[in-house]
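User: I am new to this structure and would like to get to know one part of it properly. Please pick a single part, take a close look at it, and then show me how it sits in the rest.

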Amino acid sequence: MRSAWISRLVLSGVSVIGALVACSSSGGGTGPAVPTPADPNATCDSYFDVLFTTPVTCAGLDVPTAILADEKSRFRTLCTQALSYPGEGITANTLRDCIAASGSQCRGTTGLAACLAQKGTLADGAACNSANQCLNGGCSTTTTVNDAGATSTTCGTCNKAVAVGGACSPAGVCLVGAECVNSLCVADASVDVGGSCISAISCKPNLSCNGGKCAALGAHNDKCVGSADCKDTLVCLNGACAAGIPLGGDCTKAPFGCAQGVCEGMTKKCTTLSLVKPGDACGFINNGVVGCAKGNCNLVPNTAAGTCPAVIPDGQACTPGDKTKTCDFLAACLNGTCTLGSTICK
């Protein structure tokens, strides 16, 4: 139910800020104000809120408080691990400032990717976890995502990636902070209305990628393909942006028109979608939809209901494809073991 919510934003490493030295004039006056160093833990918690807490609230999901708190802790572990990557080009202050600039809208925060597009200091040929460590903006890693939202990335080596405006073929060869669009590397958050895109990350902030072209987030009656094409509080109904049906509203004629949650099957009212704990019943239950907070609902064959998978603790054995069990949030089944985090490539 929750699938892979972490985009490549989560793969961007962040590093600890160096020592700051205050300046003062020879006359004893006060020099320029020195920024307060960002606290890595607090900054990573804010990052989690942008990527997870806000979308959960916007979508009308009911996630158990204890589970959300545990997920924030696990995310913090990965985020602060990324702070230690050698040569990392993003500081904790940079991350903090990018988060502040992204705002808290349900949509329109794609500029965060461009803000975090910073090159590092490692020379070509050096081992790397991400392109943000590399002087020339490229790292030859391969990333996969599992059903618990975990990313598994192989170690790569720094290389000279294709610069913005250069010719590209497979996605991923462009400089960090750029994507391959129509065989040319295009900087993230740089394309204006009417320009070509493959995702909203290529478009300027507060634009969507609609039909391969960057477009303003739709107002009432503007054409749309999905609700991501519409402004906050609006949903895509019958190909046009419209006010979403509020929680408790009648969704008989618009089963996909709820502003939050889902259209409950028996009452035909918009209701909050509950995400339940491992081992709880899930699926279509009493004409309602119940999802899993961790992993995907393991449906009983030929039915629309099942049980949420058990969670395998970090460090214990796992079997890929076993629908009855799942590695914990952000952990991946690597070499038969549930693993949280990546080895720092050296």
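Analyst: **A close look at helix α3**

Let's start with helix α3, residues 92-102, where A92, N93, L95, C98, I99 and S102 are buried. Here, buried means under 20% relative accessible area, exposed means over 50%, and partly exposed lies in between, for a 1.4 Å probe with protein chains only. Helices are DSSP runs of H or I with at least four residues, strands are runs of E with at least two, and both are numbered from the N terminus.

Before going on, please keep in mind that this is a predicted model: local features need pLDDT of at least 70 and side-chain atom pairs count only at pLDDT 80 or more, while totals for chains, interfaces and linings use all residues. Residues are numbered from 1 along each chain as its sequence is written, and side-chain values use heavy atoms, with hydrogens and water left out.

What do the buried residues of α3 pack against? Their partners are α1, α2 and α4, the last of these spanning residues 111-115. Contact in this account means heavy atoms within 4.5 Å. Right after α3 comes G103, with a positive phi near 75°.

Now for one of those partners. The axes of α1 and α3 are 10 Å apart, and the two helices pack at an angle of about 35° (axes are lines fitted to C-alpha atoms, for helices over the stretch in contact, and angles run from 0 to 180 degrees between N-to-C directions). They make a left-handed crossing, a name used if the near helix is turned anticlockwise from the far one by less than a right angle, with right-handed used if it is clockwise. On the α1 side, T43, S46, Y47 and V50 make the contact, and on the α3 side A92, L95, R96, I99 and S102 do. Sorted by class, the residues in this contact of α1 with α3 are 5 nonpolar, 3 polar and 1 charged. In this scheme Ala, Val, Leu, Ile, Met, Phe, Trp, Tyr, Cys and Pro count as nonpolar, Asp, Glu, Lys and Arg as charged, and the others, Gly among them, as polar.

Helix α1 (residues 40-59) also packs on helix α2 (residues 65-82), at an angle of about 120° and with the axes 9 Å apart. The pair is therefore oblique, since angles under 35 degrees count as roughly parallel, over 145 as roughly antiparallel, 65 to 115 as roughly perpendicular and the rest as oblique. The crossing of α1 past α2 is right-handed. From α1, the residues in contact are P40, N41, C44, D45, Y47, F48, D49, L51 and F52, and they meet L68, E71, K72, F75, R76, C79 and T80 of α2. This contact of α1 with α2 includes 9 nonpolar, 2 polar and 5 charged residues. Y47 of α1 takes part in the contact with α2 and also in the one with α3.

How does this part fit into the whole? The protein has 4 helices and 23 strands, and 39% of its 346 residues are buried. Its accessible surface comes to about 16700 Å², with 56% belonging to carbon and sulfur atoms; such areas come from the Shrake-Rupley method with a 1.4 Å probe, and for residues only the protein chains shown count as cover. Of the contacts between residues at least 6 apart in sequence, 44% join residues at least 24 apart.

For a taste of the strands, try G283 in β16 (residues 281-285). G283 is buried, at 8% relative accessible area, and its C-alpha atom is 6.5 Å from that of C297, 14 residues apart along the chain. L275, in β15 (residues 273-276), is also buried, at 4% relative accessibility. A216 in β10 (residues 213-216) is partly exposed instead, at 48%.

Finally, back to phi. Most residues other than glycine have a negative phi. S183 has a positive phi near 70°; S183 sits in the loop between β7 (178-181) and β8 (184-187) and is partly exposed at 47%. N302 has a positive phi of about 65°, lies in the loop between β18 (298-299) and β19 (305-307), and counts as exposed at 85%.
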